[in-house]
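Good morning, and thank you for coming. Please take a moment to look at the sequence and the structure before I begin.

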Amino acid sequence: MENQTSFDLSGAIQKWRRNLAQSVALRSADLDELEAHLRDAISALQAAGLSSEESFLIASRRIGSRDALESEFGKINPGRAWLNRPCLAGLLQIVTPGLGNLYTGRPLHGLILYVAVQGIVLFLALALLWLPWPVNFLIPVAAAIVVTVFVIFDGVRCARASLPDFPLARYNRWYVYILVVAVLAIVVAPEQVLVGSPTRAYVMQTFAADTTSMEPTVLIGDHVVVDKSAYAFSEPKRRDIAFYRATQRSQTISMKRIVGMPGETIEIRNREVFINGKKIDEPYVQFLRPSTDGTFPGVSMAPTIIPPDAYFLLGDNRDNSADSRFIGPVQRRQFLGKAQTIYFSSDPETHKTRWNRIGKTPN
């Protein structure tokens with residue numbers, strides 16, 4: 001006679017059902033139907049004299065394993081095999097915060113998360129610009145790691161929390177996800193569709209120096225953080241290292257030092273700069289060629305009145321700089337921002353990191 005306490009048939013059936021429920025290819029109705037078939041088979045086997053345990057093992061094997069059932073029902077319910085995969089939800093969160101939540105059927109949750117992440121990015125950008133070194137790097141780096149992990153975990157959690165019979169919405173299509181990413185990129189940064197963001201458009205941007213025109217202050221291989229909000233609430237100042245477009249529609253960005261202000265008279269006499277007739281001190285300037293008689297281009301310049309709302313910019317490496325001596329004063333509207341911090345530096349010849357330059361403020 002069978003020992004009724006040695007095998008919990010009801011518990012075994014529930015465990016079997018929970019195992020099948022982990023498959024996204026099976027709906028609740030599918031699970032109900034499979035369980036009904038299992039119970040009928042068990043009853044028939046028990047009537048033939050088999051024990052509860054024997055009946056359960058034989059009946060469950062006849063119905064099939066989870067992998068086999070998932071494959072069969074995946075053919076019946078196309079599109080469900082990829083739905084609510086936690087790993088895919090996490091990957092989509094990396095592409096765009098909130099996209100993994102959209103994938104799991106929580107579009108509002110995803111939108112809130114996206115807006116929150118953009119706010120955090122803005123805060124980290126301001127911290128990078130305004131806090132002293134090295135706090136301005138340690139806090140953003142630590143916060144970025146924490147936020148990234150949280151966003152990924154949130155997508156995975158939402159996928160795992162979704163029911164197996166989660167209905168396939170109209171927006172659960174790969175082309176919808178691509179459209180969402182494209183629309184967000186265009187809305188938040190019309191000027192730079194692929195890599196833009198509100199932070200990059202209005203707060204800060206990075207710039208890699210690729211010429212020697214600002215040596216020794218900024219070297220080739222220096223990566224500089226540009227404060228794009230610097231001139232939004234204040235006027236440019238003399239000695240600022242400013243970033244500007246050569247023309248309003250040009251995509252080329254240049255970096256030079258502000259030397260002359262609007263309305264001033266600037267003159268260069270054999271490498272020496274005079275503002276309104278007075279020589280200015282320029283300890284940051286570098287000359288590579290020997291002193292000449294002043295006939296070499298750019299070594300001397302007749303007195304010039306700087307137009308209103310324009311600035312005279314010069315490179316620190318005066319012997320190798322295409323600046324206002326040759327292209328004229330730069331209009332205020334052409335300015336993009338001010339050099340804030342060197343956040344990374346690499347020697348272009350040895351490709352080694354120049355650790356002693358990281359964190360410096362160009363001046």
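I start with strand β4, residues 253-260, and strand β3, which are antiparallel and are joined by five bridges. Please keep in mind that this is a predicted model. One residue pair shows this pairing in detail: F243 has M255 of β4 as its bridge partner.

On to the other neighbour of β3. Strand β11, residues 335-345, also runs antiparallel to β3, residues 241-245, and three bridges join the two. Here A242 stands opposite K338 of β11, and Y244 stands opposite F335 of β11. As general background, strands of a sheet pair through backbone hydrogen bonds, in either a parallel or an antiparallel way.

Which way do the residues of β3 point? I241, F243 and R245 point one way, while A242 and Y244 point the other way. This fits a general rule: in a regular strand, side chains alternate between the two faces of the sheet. Is β3 mostly covered or mostly uncovered? The strand is mostly covered, since five of its five residues are buried.

Let us now place β3 in its sheet. The sheet is open and has seven strands, in the order β1-β2-β11-β3-β4-β9-β10, with antiparallel pairing. Which strands form the edges? They are β1, residues 204-208, and β10, residues 330-331, each of which pairs on one side only. A helix also belongs in this picture: α7, residues 107-130, lies across β1, β2 and β11. With respect to β2, residues 222-227, helix α7 runs at about 110°.

My last topic is a pair of helices. The axes of α2, residues 28-47, and α3, residues 52-63, come within 8 Å and cross at roughly 135°. That angle makes α2 oblique to α3, because it falls between the range for roughly perpendicular, 65 to 115 degrees, and the range for roughly antiparallel, over 145. The crossing of α2 past α3 is right-handed. Which residues make the contact? From α2 they are L34, H37, L38, A41, I42, L45 and Q46. From α3 they are S52, S55, F56, I58, A59, S60, R62 and I63. By character, the residues of this contact comprise nine nonpolar, five polar and one charged.

To close, I return to the strand with which I began: β3 has five bridges to β4 and three to β11. Thank you for your attention.

Notes:
Residues numbered from 1 in each chain as written. Predicted model: local features only at pLDDT ≥ 70, side-chain atom pairs only at ≥ 80, totals over all residues. Heavy atoms only, no water. Axes fitted to C-alpha atoms, helices over the stretch in contact; angles between N-to-C directions. Helix = DSSP H or I, 4+ residues; strand = E, 2+ residues; numbered from the N terminus. Parallel < 35°, antiparallel > 145°, perpendicular 65-115°, else oblique. Left-handed = near helix turned anticlockwise from the far one by under 90°. Contact = heavy atoms within 4.5 Å. Nonpolar A, V, L, I, M, F, W, Y, C, P; charged D, E, K, R; others polar. Pairing = 2+ DSSP bridges. Buried < 20%, exposed > 50% of the residue type's maximum accessible area, 1.4 Å probe, protein only.
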